[in-house]
Amino acid sequence: MKMVTTLIKEAKSKPTDLSHDVVPRVMPWVHESIKNHGNNFFLWFGTTPRVHIMDPELMKDVLNKYQNFQKLKPNPLVKLLSNGLASHEGDQWAKHRKIINPAFHLERLKFMLPAIYSSCSEMMSKWEKMVSVNGSSELDVWPYLETLTSYIISRTAFDSSYEEGRRIFQLQEEQIKLAVQAALSIYIPGLWYFPTKRNKRMKEIDKEVHVSLRRIVEKKIDAMKNGETRNDDLLGILLESNFKEVQEQGNKSSGMSITEVMEECKVFYFAGHETTSSLLVWTMILLSMHPNWQIRAREEVLQVFGNDKPDFDGLSRLKVVTMILYEVLRLYPPIVALSRTVNKETTLGDISLPQGVQVTMPIMLIHRDYDLWGEDANEFKPQRFSEGVSKAAKNHVSFFPFGWGPRVCIGQNFAMLESKMTMVMILQRFSFELSSSYVHAPSTVMTLQPQHGAQIILHKL
């Protein structure tokens, strides 16, 4: 842990050049270990050995055999962030996945487009005011995109209660930063009960979030019982699906409790806000670094929509924009690594793994592996996805920004729809380039973010 934290501190102290060879900065301990020991190695995280694998066939085994390779059990401090679908196992995971699934069907997502469009329109109006005087303006787009995705998830998750939802998201933002600090510390059993400043603040946030979420959920349940609301937001669809499951099974325990529903709302926040804002900011940065692809994307957008409001069918036909988003996800995945815990002694290839060992799959490194992607793996080339994801690399388990296998991210269609809508509306109105003040410094705070912001010059079209 001392080596890891020292290397992270050193990496964050200096930026990198304007290239996509950013692994030494983002994952310095992995980069250092590969340099010294090769692709297969293990290191100690506190008292736990963590095995590092990069073989696609071995990763396929890990992600498919999810009963043997389970999600890491977070310490109590990190668990406050969310304790929903993403961290459940076994029957509880199967039950929650079944109940939540309907909220993310494409047919349901269509009804959320107006909420996404409204949120994007508000951001566009702010940007247009900034450029109205001189025709161009420099701004750090990162906080705007963070605010945008928090507005979108609050509107699509909570509909009429989205203002209250935004307060929850502000608190969760603070909780994430505190949880990251906790995750980088060696966990000592019982430490949670010490009245440290961080522990006290995390408990305060957790209490306020629970009170607010319970109020929103109970208000929604009452409105549904009285027929006063449409069930086309994520919370409404989730509650409707939960109610149907209880009715069909004739057993209350077959559904989710209010507390469990609240925890899933926290997952909506993290999955729908943090990851999508990361994808959007790196898309703007990379299209600024590669203006030829920005021009190609805009040409496609204007051909499909002109200056009209984007619709679902048009968004699904965007080939160039989709290729660009995939290539951004390949080079700058929001989550840079996946980890699992060995549930019982097992064999992985020719490696024998005792129970309790952790297995890590470094997404960012696998997305850049020359053997899988070719000699241009560190270059921005969206055309590699011209025939879809399956033909982009030599092995189909080489691209997994949303995970892979039975536990693939349930909200990936939502994230892609939201990202396409946002980029279409930006490309319709602005061209953009990197400011001379921009510093290329990718860094992880739960998700991959620009450490010093994303200073971009917007030009009104």
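**Figure 1. Surroundings of Cys-120 in the predicted model.** In this predicted model, the sulfur of Cys-120 lies 19 Å from the closest cysteine sulfur, which belongs to Cys-409, and this is too far for a bond. A disulfide would require the two sulfur atoms to be within 2.5 Å. Cys-120 counts as buried, because its relative accessibility is 0%.

**Figure 2. Surroundings of Cys-409.** For the sulfur of Cys-409, the closest cysteine sulfur is that of Cys-265, at 16 Å, again too far for a bond. Cys-409 has a relative accessible area of 30% and is therefore partly exposed. The structure as a whole holds zero disulfides.

**Figure 3. Packing of helices α14 and α19.** Helix α14 spans residues 291-305 and helix α19 spans residues 412-429. The two helices pack with their axes 9 Å apart, at an angle of about 95°. Helices α14 and α19 are therefore roughly perpendicular to each other. On the side of α14, the contact is formed by Gln-294, Ala-297, Arg-298, Val-301 and Phe-305; α19 contributes Val-424, Leu-427 and Gln-428. Sorted by class, the residues in this contact are five nonpolar, two polar and one charged.

**Figure 4. Confidence of the prediction in helices α5 and α14.** The mean pLDDT of helix α14 is 98, the highest among the elements of the protein. Helix α5, comprising residues 76-79, has the lowest mean pLDDT, at 63. Across the protein, the average pLDDT is 88, and 94% of the residues score at least 70.

Methods
Residues numbered from 1 in each chain as written. Predicted model: local features only at pLDDT ≥ 70, side-chain atom pairs only at ≥ 80, totals over all residues. Heavy atoms only, no water. Axes fitted to C-alpha atoms, helices over the stretch in contact; angles between N-to-C directions. Helix = DSSP H or I, 4+ residues; strand = E, 2+ residues; numbered from the N terminus. Parallel < 35°, antiparallel > 145°, perpendicular 65-115°, else oblique. Contact = heavy atoms within 4.5 Å. Nonpolar A, V, L, I, M, F, W, Y, C, P; charged D, E, K, R; others polar. Buried < 20%, exposed > 50% of the residue type's maximum accessible area, 1.4 Å probe, protein only. pLDDT = per-residue confidence, 0-100.
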